[in-house]
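User: I have a model open and want a quick tour. Can you walk me through it?

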Amino acid sequence: METKAAPPKQRSWAEPWKVKVVEPLKTTTREHRRKAMAEAGYNTFLLRSEDVYIDLLTDSGTGAMSDRQWAGMMLGDEAYAGSRNYYRLQENVRNYYGYQYMVPTHQGRGAEHLLSKIMIKPGDSVPGNMYFTTTRLHQELAGGHFVDCITPAAHDPADQSPFKGDFDLAALERLIRDVGPDRVPYVCVGATVNMAGGQPISMTNMRAVHEIAQRHGIRIFLDATRAVENAWFIQQREPGYADRSVASLLKEFCSYSDGCTMSGKKDALVNIGGWLAMNDAELYQRAANLVVVFEGLHTYGGMAGRDMEAMAQGIEESVADDHIRARIGQVQYLGQKLIDWGIPIVRPIGGHAVYLDAKAFYPHLAQDEFPAQRLAAELYLDAGVRSMERGIVSAGRDEATGKHRYPKLELVRLTIPRRVYTQAHMDVAAESVAAVYQQRHDARGLVMTFEPKYLRFFQARFEPKG
Ligand SMILES: *Cc1c(COP(=O)(O)O)cnc(C)c1O
């Protein structure tokens, strides 16, 4: 007798959009990819996009805009000063993030540059919940140094705590006591924490950081790049917030900070753009003055009017509960598949990416043989899936000693662009990871043959060890 599987009890859900325009993808042969990888110096950042099949390098500026956003592009008011689109953007930053003042920048690091220059004096310490590459570099270029105050759980890929982006509050207090509040220009809060695997920080922890900062008269600046995704995790995981909308959680979360830097290329669903926001009028005056030097007039910063319009619209779309559920749901789908197959990834699964634990893939490689760099190369060679190293190469060299920094986490990031790929693409990517995992014992290390001074992971070159 024929047996049929019963339909599942739990009903499926799908993305709250349908596809209107498609972009063809190219598949390549292994031989083609081998040549391309060698030419790229075993660095996925140096591959040509057209040689990539499924591009999970980053979720930065790689999302698909909606029909409303594209329509908005035609509403660009390209006046040099006082563009209509600037005022709509300002209004939406006020409405959804809650900050009074906003300076547009070309992307997140433009905002980090201005903030670091305005706030940091040489010798200052800037505490944060794990570093981010561009954020820390701008702090250092301004003469400050970053001090990591993240909870120790963040450094353990197997730790299943729901809020691994939380601050270690005692470490934060200790730092402020040790250097004195005058030498702490602001606390830099990341939500979610990219380098820890897209891990969220809880509302409770954020409120506690706010309380500590207030007590010492120190400001808080949020890296709001993925704060909407963070708000979704609060709704899903933190007791007492299940009934609140993502939009209201975002606004409450931001209310515990004095301003933010933002890469609109992530949560805000645009291909380029960002902003610096704050509540303090005097700080705004300084930022509005400095942006003229480095980006453009304070009513467009680094953006065209049409780009500001697309970002203003993107903010509204980004906070919709069904959007964010589908966005993070797709990341969880990929991650869960890998977990089910016994592949070592950072747990819990983060908001924007699945992080492979390269140390667990290649325990036979020393960290200065660049295991994660190697793993990213192998993934590309297998099926043309592009990922990114987030380990010793990304961590760079210690300012004082000039030696490699050895981060506890040696990861490869599979980052999911927003509204771009289908579930079938996730299946193909997962199967490729599984194939590479099966061949893990054969992998050899790499040697670095070229190393740029700043943010070396973008442009460094490697060769396989003999
Ligand atoms: C991408 C990113 C930035 C920098 O933004 P860009 O738009 O790439 O300049 C800052 N912080 C975090 C957490 C990011 O992910």
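**Ligand site and backbone oddities**

Analyst: Sure. Start at the ligand: a polar side-chain atom of Ser263 lies 2.6 Å from one of the ligand's oxygen atoms. Keep in mind that this is a predicted model.

User: How much of the ligand does the protein bury?

Analyst: The protein buries 95% of the 370 Å² that the ligand exposes when taken alone.

User: Which pocket does the ligand sit in?

Analyst: The ligand occupies the second largest pocket.

User: And how many residues surround the ligand?

Analyst: There are 13 around the ligand. The closest are Gln107, Arg109, Asp223, Ser263 and Lys266.

User: What does Asp223 touch on the ligand?

Analyst: A nitrogen atom. A polar side-chain atom of Asp223 is 2.6 Å from that ligand nitrogen.

User: What about Gln107, how far is its side chain from a ligand oxygen atom?

Analyst: An N or O atom in the Gln107 side chain is 2.8 Å from an oxygen atom of the ligand.

User: What is the shell made of, by class?

Analyst: Six residues are charged, six are polar and one is nonpolar.

User: Which helix gives the most to that shell?

Analyst: Helix H4, residues 108-119. H4 contributes three residues.

User: Switching topic. How many salt bridges does the structure hold?

Analyst: The count is 30. One of them pairs Arg215 with Glu173, at 2.8 Å from N to O. That pair links distant parts of the chain, 42 residues apart.

User: Where do those two residues sit?

Analyst: Arg215 is in helix H7 (residues 203-216). Glu173 is in helix H6 (residues 169-179).

User: Now the backbone. Where are there cis peptide bonds?

Analyst: One joins Ala191 and Thr192, with omega about -10°. Another joins Arg347 and Pro348, with omega about -15°.

User: Where are Thr192 and Pro348 placed?

Analyst: Both lie in loops. Thr192 is in the loop between strand S5 (186-190) and H7. Pro348 is in the loop between helix H12 (321-340) and strand S9 (353-357).

User: What is the phi of Tyr42?

Analyst: Positive, about 55°, although Tyr42 is not a glycine. Tyr42 is in the loop between helix H1 (30-39) and strand S1 (54-55).

User: Why point these out?

Analyst: Because most residues other than glycine have a negative phi, and most peptide bonds are trans.

Terms used: Residues numbered from 1 in each chain as written. Predicted model: local features only at pLDDT ≥ 70, side-chain atom pairs only at ≥ 80, totals over all residues. Heavy atoms only, no water. Near = heavy atom within 4 Å. Polar contact = N/O pair within 3.5 Å; in protein donor to acceptor, adjacent residues only side chain to side chain. Areas by Shrake-Rupley, 256 points an atom, 1.4 Å probe, with all protein chains shown as cover. 1 Å grid on protein atoms, 1.4 Å probe; cavity = no way out; pocket = protein on both sides within 12 Å on 5 of 7 lines; lining within 4 Å. Sits in = over half its atoms within 2 Å of the grid points. Helix = DSSP H or I, 4+ residues; strand = E, 2+ residues; numbered from the N terminus. Nonpolar A, V, L, I, M, F, W, Y, C, P; charged D, E, K, R; others polar. Salt bridge = Lys/Arg side-chain N within 4 Å of Asp/Glu carboxyl O.
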